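Dear colleague,

I am handing over the structure we spoke about, and below it you will find an account of what came out of it. Please read the notes with the sequence and the coordinates open beside you.

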Amino acid sequence: MSHTTLPVFRQRGLPWLLLLPQLTVTLLFFIWPAGQAVWQSFWMEDAFGLSTEFVGFDNYRQLLTDPAYYRSLWTTLIFSAGVTLLSMGLSLLLAAMADQVVRGARFYRNLLIWPYAVAPAIAGVLWLFLFHPTVGVLAYLLDCLGIDWNHFLRGDQALLLVVIAAAWKQISYNFLFFLAGLQAIPASLHEAAAIDGAGPLRRFYSITFPLLSPTTFFLLVVNLVYAFFDTFGIIHAVTQGGPGDTTTTLVYKVYRDGFIGLDLGGSAAQSVLLMLLVGALTVVQFRFIERKVQY
Amino acid sequence: MVENRRAVTLISHLILWFGVLLVLFPIWIAFVASSHSSEALLSGTVPLWPGDRLLLNYRQIFLGGGQSTLGVPLLRMLFNSLVMALGIAFGKILISVLAAYAVVFFRFRLRMLCFWLIFVTLMLPVEVRILPTFQVVADLGLLNSYTGLTLPLIASATATFLLRQFYLTLPPELLEAARVDGAGPIRFLFDILLPLSRTNLAALFVILFIYGWNQYLWPLLITTDESYYTIVMGVQRLLAVGDNEVQWNIVMPTTLLAMLPPVGVVLIMQRLFIKGLIETEK
């Protein structure tokens, strides 16, 4: 922030006028509600919503001793790991191939980047249709292979379905960043290694992968944030957190407990814990970016 | 390189084609489904090739009628989504241009505090503070309104940061020269800064349009009046039919229409899209 070299204007009132719109919206719709969430997390409403009582850390205590919360945490971890691994693995493979081909790289890129623009809920509906037990093409195919697919009844299959839908949507994003990272690696390194007798796989593990690690790490954080927070639409449209609570991720649980369960205090406490989590992830992301600048 | 380039290239192309098919497959099936009758889809044999009901299905979703459509015309939902996408894109760009300008080109008391207030919103996505944000919007009487749909979403800090980063790369001589020529802050903003940031703003617009069009949770919460439904949540409403059969021949064309505008924007403004995507994450 210390850009002392940059000359500046000296007006006093004008900057406030310029900042006014952003500050107003920020205070009204971000800071105030976040403060409310912290405040509400210390209160509990009775069963009829008639009176509220200050309960200190009781909401947190209740949350942290509730097996359902840990189930949801576990679900979130499995879901995020699944989405991140599947999507990044496929994207890296495709980007490595697109980096190889001399002709048609642009053509492939054009065909691979657009799922980024598909809304999560819409991606969910597309895959729901493919795996629908009565009308789905893939469910039919699995049936022919002797696999009984019904994600409305089986939790593990429901989780797999939302992982696939979420990973599919994220392929384009990862592909673009991996491709940019790969293209930044000088070809001379590969040529030197090839002359020394290293095959394509060896070159990938010994040269490409280490040099790609900043990109990989950056994408890891972005994908985790995506899986944690941006996939609400997929889960809501496809499984509604079910069957049971097998696909209830932490974010979905905030919604479910708050809007359907009407447990204000409990939902607020969950919100606060999630904010701490985003805060931690943001710090990690920024630390990394500082390093990348020196790179 | 030393290996047999032919074989390597062939394998690369095969794998890339597999990727392309994987990405396109759900769309193809959705398109096929949008050209069959409901009975054909439910009969058990899954069609992989388009049928003859394409125009009929699209006519039905546009004209409505039948028990399978919502109480709101499709065009109305598309219009609402457009209002939301444009409102969020223009709103965010407007307030970010001004705020980033103030933070970079002025020195005033509490400047750092303002900076951090804006910065901290990065850590507060809608999803984690839905209930209190909903209450604020309800208290302001903004449920079921376009203001309620757009205003709470325009303040996130990403756009402000992108512009701040860009402003900081400008040579200091620019401001000196403008000052020597007698330009004040407003003149500098409109005559120099904005023209220089034209491509950045366009790239930002592409990303924000997609972001706005694809909003789901927020419209779901604050619209109970059907005439404010957006197309993305409309698709979910078509699926939520309880124990009745889902009308897939209606759902699938609606789904395709819901994704057409943002996908079209990406494909048409590809260069700007890639620029925007890579810069917003820097």
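In what follows, a residue is called buried when its relative accessible area is under 20% and exposed when it is over 50%, with partly exposed in between. Please bear in mind throughout that this is a predicted model.

With that cut-off in mind, helix H6 of chain B, which runs over residues 130–139, is mostly covered, since seven of its 10 residues are buried. Those buried residues are Ile130(B), Leu131(B), Pro132(B), Thr133(B), Phe134(B), Val136(B) and Val137(B). After H6(B) comes Gly141(B), which has a positive phi, near 70 degrees.

The loop between H6 and helix H7 (146–150) of chain B also holds Asn144(B), a residue other than glycine whose phi is nevertheless positive, near 55 degrees. As background, most residues other than glycine have a negative phi. Asn144(B) has a relative accessible area of 21%, and it therefore counts as partly exposed.

Chain A offers a case of this kind in Gln240(A), which is not a glycine and yet has a positive phi of about 55 degrees. Gln240(A) sits in the loop that joins helix H11 (232–238) to helix H12 (250–260) of chain A, and because its relative accessibility is 37%, it is classed as partly exposed.

A charged side chain in chain B may also interest you. Is Lys92(B) buried or exposed? Lys92(B) is buried, because its relative accessible area is 2%, and its place is in helix H4 of chain B, which covers residues 74–105. When neighbours within four places in sequence are set aside, the residues in contact with Lys92(B) are Gly87(B), Leu153(B), Ile154(B), Ser156(B), Thr158(B), Leu208(B) and Tyr211(B).

For the cysteines, how many disulfides does the structure hold over all chains? The number is zero. Two of the cysteines can be placed by their cover: Cys144(A) is exposed, because its relative accessible area is 56%, whereas Cys114(B) is buried, because its relative accessible area is 3%.

Turning to the chains as wholes, chain A has 13 helices and two strands, while chain B has 15 helices and zero strands. Chain A has a radius of gyration of 24 Å, where a compact globule of its 295 residues would be near 19 Å; for chain B, with 282 residues, the value is also 24 Å against an expected figure near 19 Å. Along the principal axes, the C-alpha atoms of chain A occupy a box of roughly 75 × 75 × 30 Å, and the C-alpha trace of chain B spans about 75 × 70 × 30 Å.

Buried residues make up 55% of chain A and 54% of chain B. Of the contacts in chain A between residues at least 6 apart in sequence, 65% link residues at least 24 apart, and the corresponding share in chain B is 73%. The accessible surface is about 13600 Å² for chain A, with 66% of it belonging to carbon and sulfur atoms, and about 12200 Å² for chain B, again with 66% from those atoms.

Finally, on charge, the 16 positive and 16 negative side chains of chain A have centres that lie 15 Å apart, and in chain B the mean positions of the 18 positive and 15 negative charges are 10 Å apart.

With best wishes

How values were computed
Residues numbered from 1 in each chain as written. Chains lettered and ligands numbered in written order. Predicted model: local features only at pLDDT ≥ 70, side-chain atom pairs only at ≥ 80, totals over all residues. Heavy atoms only, no water. Helix = DSSP H or I, 4+ residues; strand = E, 2+ residues; numbered from the N terminus. Rg over C-alpha atoms; globule rule 2.2 N^0.38 Å. Buried < 20%, exposed > 50% of the residue type's maximum accessible area, 1.4 Å probe, protein only. Contact = heavy atoms within 4.5 Å. Areas by Shrake-Rupley, 256 points an atom, 1.4 Å probe, with all protein chains shown as cover. Lys, Arg positive; Asp, Glu negative; His and termini not counted. Charge placed at Lys NZ, Arg CZ, Asp CG, Glu CD. Disulfide = S-S within 2.5 Å.
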